[in-house]
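Colleague: I would like to go through the enclosed spaces in this model and hear the reasoning behind each label. Where should we start?

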Amino acid sequence: MTTTAAPATTPFRFFDVHVVRTRRLGPSMVRITFGGERLAELTSGGRDQRFKIFLPQPHQDRPVFEDTGDGWYTAWRAQDPAERAVMRSYTIREQRHEPREFDVDFALHGADSPAHAAAAGPAGRWAAHARPGDPLTVLAPAVEDNGGVDFRPPTGTDWILLTGDETALPAIGGILSLLSPGTHAKVYVEIAHEDDRQSLPTFADADITWLVRDEATVASRQPVLDALRAAELPEGTPYAWIAGEAGTVKAVRRHLVRERGIDRRAVKFTGYWRRGASEEDLLAELTAGTAAADRD
Ligand SMILES: Cc1cc2nc3c(=O)[nH]c(=O)nc-3n(C[C@H](O)[C@H](O)[C@H](O)COP(=O)(O)OP(=O)(O)OC[C@H]3O[C@@H](n4cnc5c(N)ncnc54)[C@H](O)[C@@H]3O)c2cc1C
């Protein structure tokens, strides 16, 4: 998974930002708009632009983070995990220049419900309670072509397939907003609640299917996979972009490559989170894997 790789510092830079406002998008998501002094230097590449946020621990009112330049990742890892800023991956949903601000849409995954908040992660909890003025550090792009954008359909693509859950919805919205007029796109989005549907403005000829998951069967059913299996897909050369829960992403990719015969190079897939694992768990796995590879 690409979820947890330490991002390159260049062409990314650290920015101190603060919450400007929050807006509920539906039962499961909140849009947080950020502002900051140096935002003239922040340049999103659009589409599925990834970036990192550094959050305060629950007992802190601002993240403990020092920008040590190229060595930041080693320095951050050497800090006490109970005190250092919590690092998470998110998508820049939209950047605006007048005024200078950008939006991030957070899936709350239970963080706003007293019954589930204990199982939710620090980012979900932070987003559920964010207020104007709350400070955050982000590692964000400073140039448009920055390596943090995965959606890159090759020349010769006839149609686009996008699939994901709420965590992928900001990227899907960003991608749709930049597709050329007339591009044929099929989109499958898994959501927790009917009211989590969003309006996704696009010039493309987009056929969007919303799939409301049943929380009772969440561990055993994969609505996106079921819908794809039953779908009649267009003729021609596709480019598929798949994100969301890692198990579903893997199953969807396998279906597209093995059962639909889509060229694996035309399938861009990214696990955005994994059921039962926090981003720290994924980072620890990645680090252990890298260490083992270095020893071999
Ligand atoms: C490139 C990239 C871009 C991303 N963009 C976005 C984005 O724009 N918006 C967004 O909301 N998320 C996005 N994510 C996903 C987000 O980083 C994860 O959901 C992250 O785990 C949330 O951190 P946390 O502290 O809330 O939970 P963690 O501490 O990481 O996890 C705590 C527990 O919650 C579970 N969990 C995590 N996420 C979910 C979920 N969505 N539903 C149910 N259970 C969950 C974990 O399995 C774990 O058991 C992105 C991920 C990547 C890699």
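Modeller: With the second largest cavity, in what is a predicted model. Trp 76, Met 87, Arg 88, Glu 279, Glu 280 and Leu 283 line this cavity.

Colleague: What makes these residues, Trp 76 and Met 87 among them, lining residues of the second largest cavity?

Modeller: A lining residue has an atom within 4 Å of a cavity point. Trp 76, Met 87, Arg 88, Glu 279, Glu 280 and Leu 283 are the residues lining the second largest cavity, so each of them meets that cut-off.

Colleague: How do you know which element gives the largest share of that lining?

Modeller: α6 supplies three residues, the largest share. β4 (86-91) and α6 (279-295) each give at least two.

Colleague: What makes the lining of the second largest cavity divide as it does between nonpolar, polar and charged?

Modeller: Trp, Met and Leu count as nonpolar, and Arg and Glu as charged. The division is therefore three nonpolar, no polar and three charged.

Colleague: Why is the space of about 40 Å³ called a cavity and not a pocket?

Modeller: A 1.4 Å probe fits in a cavity but cannot get out, whereas a pocket is open. The space of about 40 Å³ is the largest cavity, so the probe cannot leave it. The second largest has about 30 Å³.

Colleague: Which residues line the largest cavity?

Modeller: Leu 39, Leu 42, Gln 95, Arg 96, His 97, Arg 100, Glu 101 and Phe 102. β5 (94-97) and β6 (100-107) each provide at least two residues of that lining. Its residues divide into three nonpolar, two polar and three charged.

Key
Residues numbered from 1 in each chain as written. Predicted model: local features only at pLDDT ≥ 70, side-chain atom pairs only at ≥ 80, totals over all residues. Heavy atoms only, no water. 1 Å grid on protein atoms, 1.4 Å probe; cavity = no way out; pocket = protein on both sides within 12 Å on 5 of 7 lines; lining within 4 Å. Points joined across faces, edges and corners; volume = space filled by probe spheres on them. Helix = DSSP H or I, 4+ residues; strand = E, 2+ residues; numbered from the N terminus.
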